[in-house]
Amino acid sequence: MTIEFKPLSFSLGAEVLGLKIKDSPSKEQIELVRAGFLKYGILLFRDQHISREQHIGFSKLFGELDQHESLPRDRHPDYSELLMVTNEPKPNGMPSDSKYTGQVWHSDMSFTLAPAMGSILRSIKVPSVGGDTMFSNMTLAYEKLSKGMQNLISDLHGVHTSARKIIDLSQDRIDETKKLIPPVAQPIVRIHPETGKKALYIGEKVKSFVGMTEDESKPLIDYLCRHASKPQFVYRHQWQANELLFWDNRCTMHLALGDYDESEIRHLERTTILGTPSGYVLQ
Ligand code: OGA
Ligand code: MN
């Protein structure tokens, strides 16, 4: 069967038709998927009844996988390639560490020196309604800025931290996070290593521009985040179980809305494909 792409929105995303991941896709099929990935920014695979091993195996066809050293609490205990995104309480009854994963606009692993090229998120259990994820096309958002704004931001770097909503905000936990993940500077305008296109590289984890105070930086960061998340640049995904979403972190950002009844289970698992080096460490 040949692969087809069915766009999910005008701005980005396409559903991949005619591919069953469990049937070990051919080299040619993977090449087509790669091309679609670069064209659409996110790809959706529906009705994929696969195992954890098959999820990992499929992801490896696109590059080396992150072992999630910087996020040890969210890793699957038996598979370091899998990051848990779940609200399922721990066996001891404590809330899950990843309950609030992704609830600010961000691009995965932007706070590291090899930010993720792609992420492949698999839905295992989803709530009866809601628990949606939004994605934004950062190439389009960049292109829609005026020349004046494009020039103004061309040499700026953003300070990226791993800041997120966590349940246990003890000093120990804050210190652990700082030690594992010092802040990293990334260009605000990033050139996509494969398409050569410029894209905004910003999100709500960026607290300041390098060389400027938080107060000075905030208005422009807020503006750029607001601009980049305008509805016309966004696709909103309503999950069903057994789907895989494969997104390009170099030219999209995303947000978990948390719009669901928390007494229901939402359990997804993610692989992370390593990207090329970018940025530098700040002390
Ligand atoms: C992620 C993420 C969003 C969601 O897995 O990287 O941000 O909706 N998830 O679960
Ligand atoms: Mn994410």
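Which residues coordinate the manganese ion (ligand 2)? In this predicted model, the manganese ion (ligand 2) is held by H106 through NE2, by D108 through OD and by H254 through NE2, at 2.1 to 2.2 Å. Read along the chain, these donors follow the spacing H-x1-D-x145-H. The pair H106 and H254 thereby links distant parts of the chain, since H106 belongs to the loop between strand 4 (83–86) and strand 5 (118–125), whereas H254 belongs to strand 14 (residues 252–256), 148 residues away.

Before going further into the site, it helps to look at the chain as a whole. The chain contains six helices and 16 strands, and its C-alpha atoms fill a box of roughly 50 × 45 × 35 Å, taken along the principal axes. For 283 residues, a compact globule would be expected to have a radius of gyration near 19 Å, and the 18 Å of this chain agrees with that expectation. Buried residues account for 51% of the 283 residues, and the chain exposes about 13500 Å², of which carbon and sulfur atoms supply 54%. The link between H106 and H254 across 148 residues can be read beside a figure for the whole chain: among contacts between residues at least 6 apart in sequence, 81% join residues at least 24 apart.

Are the donors of the metal buried or exposed? H106 has a relative accessible area of 6%, and because the limit for a buried residue is under 20%, H106 counts as buried. H254 likewise counts as buried, at 6% relative accessibility, and D108 is buried at 2%.

D108 lies in the loop between strand 4 and strand 5, the loop that also holds H106. Besides serving as a donor to the manganese ion (ligand 2), D108 makes a polar contact through its side chain with the side chain of R270, at 3.3 Å. When neighbours within four places in sequence are left aside, D108 is in contact with P115, A116, S119, W247, N249, H254 and R270, a list that includes H254, another donor of the metal.

Ligand 1 brings several of these residues together again. The residues around ligand 1 are V85, G102, H106, D108, L121, T133, W247, H254, A256, R266 and R270, and among them are the metal donors H106, D108 and H254. Three side chains place a polar atom beside an oxygen atom of this ligand: an N or O atom in the side chain of H106 is 3.2 Å from such an oxygen, a polar side-chain atom of R266 lies 2.8 Å from one, and a polar side-chain atom of R270 lies 2.6 Å from one. The protein covers 100% of the 290 Å² of accessible area that ligand 1 has on its own. R270 therefore appears both in a polar contact with the side chain of D108 and beside an oxygen atom of ligand 1, while D108 is buried at 2% relative accessibility.

W247, which is also among the residues around ligand 1, lies in strand 13 (residues 244–248) and counts as buried at 2% relative accessibility. The side chain of W247 makes a polar contact of 3.4 Å with the side chain of H254, and a further polar contact, of 3.0 Å, joins the side chains of W247 and N249. Apart from its neighbours within four places in sequence, W247 is in contact with F37, G41, I42, D108, M117, G118, S119, L121, F135, T252, H254 and R270. By contrast with these contacts, the C-alpha atoms of W247 and D74, 173 residues apart in sequence, are 20 Å apart in space.

Two further residues, S59 and E69, can be set side by side. S59 is found in helix 2 (residues 52–60) and is buried, at 0% relative accessibility. The side chain of S59 makes a polar contact with the side chain of T271 at 2.7 Å, and S59 touches L65, I120, T271 and I273 when residues up to four places away in sequence are not counted. E69, in the loop between helix 2 and strand 4, counts as exposed because its relative accessibility is 55%. The C-alpha atom of E69 is separated by 27 Å from that of I21, 48 residues away along the chain.

Technical notes. Residues are numbered from 1 along each chain as its sequence is written. Chains are lettered from A and ligands numbered from 1 in the order in which they are written. This is a predicted model: local features need pLDDT of at least 70, side-chain atom pairs count only at pLDDT 80 or more; totals for chains, interfaces and linings use all residues. Side-chain values use heavy atoms; hydrogens and water are left out. Donors are N, O and S atoms within 2.8 Å of the metal (3.2 Å for Na, K and Ca); water is not among the atoms, so sites may look incomplete. Helices (H or I, at least four residues) and strands (E, at least two) are DSSP runs, numbered from the N terminus. Buried means under 20% relative accessible area, exposed over 50%, partly exposed in between (1.4 Å probe, protein chains only). A polar contact is a pair of N or O atoms within 3.5 Å; within protein, one must be able to donate a hydrogen and the other to accept it, and residues adjacent in sequence count only if both atoms are side-chain atoms. Contact means heavy atoms within 4.5 Å. A residue is near a molecule or strand if one of its heavy atoms lies within 4 Å of it. Accessible areas come from the Shrake-Rupley method with a 1.4 Å probe; for residues, only the protein chains shown count as cover. The radius of gyration is taken over C-alpha atoms; the globule rule is 2.2 Å times the number of residues to the power 0.38.
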